[in-house]
Amino acid sequence: MGQGTGWAHPVHMHGHTFYVLKMGYANHNNRTGLKLEGNSDIDCRGGTDRANSWCNNATWSNPAWANGNVPGLELLKPVRKDTIIVPSGGYVITRIKADNPGVWFLHCHIELHANDGMAMLINESFPHHPSPPTDFLIVIVILTTNHNHLQQQPLHQ
Ligand SMILES: [Cu+2]
């Protein structure tokens with residue numbers, strides 16, 4: 001959406017399969033197939049108009065859709081997947097049954113995108129994680145591209 005539009009993203013989730021409840025697509029020219037604008041269900045916000053926004057603060061255009069009150073959800077026979085193509089200028093609504101404790105990676109399967117930050121961890125196991133020891137050593141790894149090597153800096157808390 002917005003400035004970042006142009007790519008579809010094969011988003012993959014570890015630890016689960018998910019149910020696809022709804023997909024929204026960009027508006028296209030029916031004759032040429034060219035994309036005209038992103039799906040109007042999404043408000044990119046971010047203090048700028050849609051064309052100049054990176055859509056990093058998105059919400060539903062219709063505030064009545066908040067809290068899962070989205071019309072048109074397929075709740076009876078949703079498709080089950082572990083990867084889905086999120087269309088350029090569109091969106092996908094999924095849900096999981098949180099019955100597999102762990103910290104699960106959710107990411108774009110285009111490696112460049114995942115490395116650029118299109119990835120997150122979903123923690124469904126907070127109650128199962130012990131506290132770290134008080135003398136736990138934290139190591140920060142800094143990857144430098146100009147010298148093509150790793151630097152490690154130990155950091156004590
Ligand atoms: Cu991607």
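**Strand pairing, copper site and pocket**

Within strand 10, Cys-108 is the residue that forms the bridge partner of Val-11. The model described here is a predicted one, and the pairing to which this bridge belongs joins strand 1 and strand 10 in the antiparallel sense over three bridges. Strand 1 also runs antiparallel to strand 8 (residues 83–86), to which it is joined by four bridges. In that second pairing, His-9 has Val-86 as its bridge partner in strand 8, while the partner of Val-11 in strand 8 is Ile-84. Val-11 thus has a bridge partner in strand 10, namely Cys-108, as well as one in strand 8, namely Ile-84.

The setting for these pairings is a protein whose secondary structure comes to one helix and 13 strands. Read from the N terminus, the elements follow the order β-β-β-β-β-β-β-β-β-β-α-β-β-β. Of the 157 residues in the protein, 27% are buried. Strand 1 is mostly covered, with five of its five residues buried; His-9, Val-11 and Met-13 point one way from the strand, Pro-10 and His-12 point the other way, and all are buried. In strand 8, by contrast, a covered face made up of Ile-84 and Val-86 is set against an uncovered one made up of Thr-83 and Ile-85. The residues of strand 8 named above as bridge partners, Val-86 for His-9 and Ile-84 for Val-11, both belong to the covered face.

The copper ion has as its protein donors His-9 through ND1, Cys-108 through SG and His-113 through ND1, at distances of 1.9 to 2.1 Å. Along the sequence, the spacing of these donor residues is H-x98-C-x4-H. Because His-9 lies in strand 1 (residues 9–13) and Cys-108 in strand 10 (residues 103–108), the pair ties together parts that are 99 residues apart in sequence. His-9 has a relative accessible area of 14% and is therefore buried, the cut-off being under 20%. Cys-108 is likewise counted as buried, at 1% relative accessibility. The two strands that carry these donors are themselves paired, strand 1 with strand 10, over three bridges in the antiparallel sense.

The largest pocket has a volume of about 1300 Å³. Its lining is made up of 39 residues, and those lying nearest its centre are His-9, Val-11, Val-86, Gly-90 and Met-118. Among these, His-9 is also a donor of the copper ion, and Val-86 is its bridge partner in strand 8. At least two residues of the lining are supplied by each of strand 1, strand 6 (59–60), strand 8, strand 9 (91–95), strand 10 and strand 11 (119–123). Strand 9 gives the largest share, with five residues. When the lining residues are sorted by class, 23 are nonpolar, 14 are polar and two are charged.

The count of aromatic pairs comes to two. In one of them, the ring centres of Trp-60 and Tyr-91 are 5.3 Å apart and the ring planes stand at 80°, so the pair is edge-to-face. Since Trp-60 lies in strand 6 and Tyr-91 in strand 9, this pair ties together parts that are 31 residues apart in sequence. The partners differ in their exposure: Trp-60 is partly exposed, with a relative accessible area of 22%, whereas Tyr-91 counts as buried at 7% relative accessibility. Ring pairs join Trp-60, Trp-65 and Tyr-91 into a cluster.

Two glycines provide further examples of residues set apart in sequence for which distances in space were computed. Gly-2 is placed in the segment before strand 1 and counts as buried at 17% relative accessibility. Its C-alpha is 9.8 Å from that of Asp-43, although Gly-2 and Asp-43 are 41 residues apart in sequence. Gly-72, in the loop between strand 6 and strand 7 (79–81), counts as exposed at 64% relative accessibility. Between Gly-72 and Lys-22 the separation is 50 residues in sequence and 7.1 Å in space, C-alpha to C-alpha.

Note on methods. Residues numbered from 1 in each chain as written. Predicted model: local features only at pLDDT ≥ 70, side-chain atom pairs only at ≥ 80, totals over all residues. Heavy atoms only, no water. Donors = N, O, S within 2.8 Å, 3.2 Å for Na, K, Ca; no water. Buried < 20%, exposed > 50% of the residue type's maximum accessible area, 1.4 Å probe, protein only. Pairing = 2+ DSSP bridges. 1 Å grid on protein atoms, 1.4 Å probe; cavity = no way out; pocket = protein on both sides within 12 Å on 5 of 7 lines; lining within 4 Å. Points joined across faces, edges and corners; volume = space filled by probe spheres on them. Nonpolar A, V, L, I, M, F, W, Y, C, P; charged D, E, K, R; others polar. Phe/Tyr/Trp six-rings, centres within 6.5 Å; stacked < 30°, edge-to-face > 60°.
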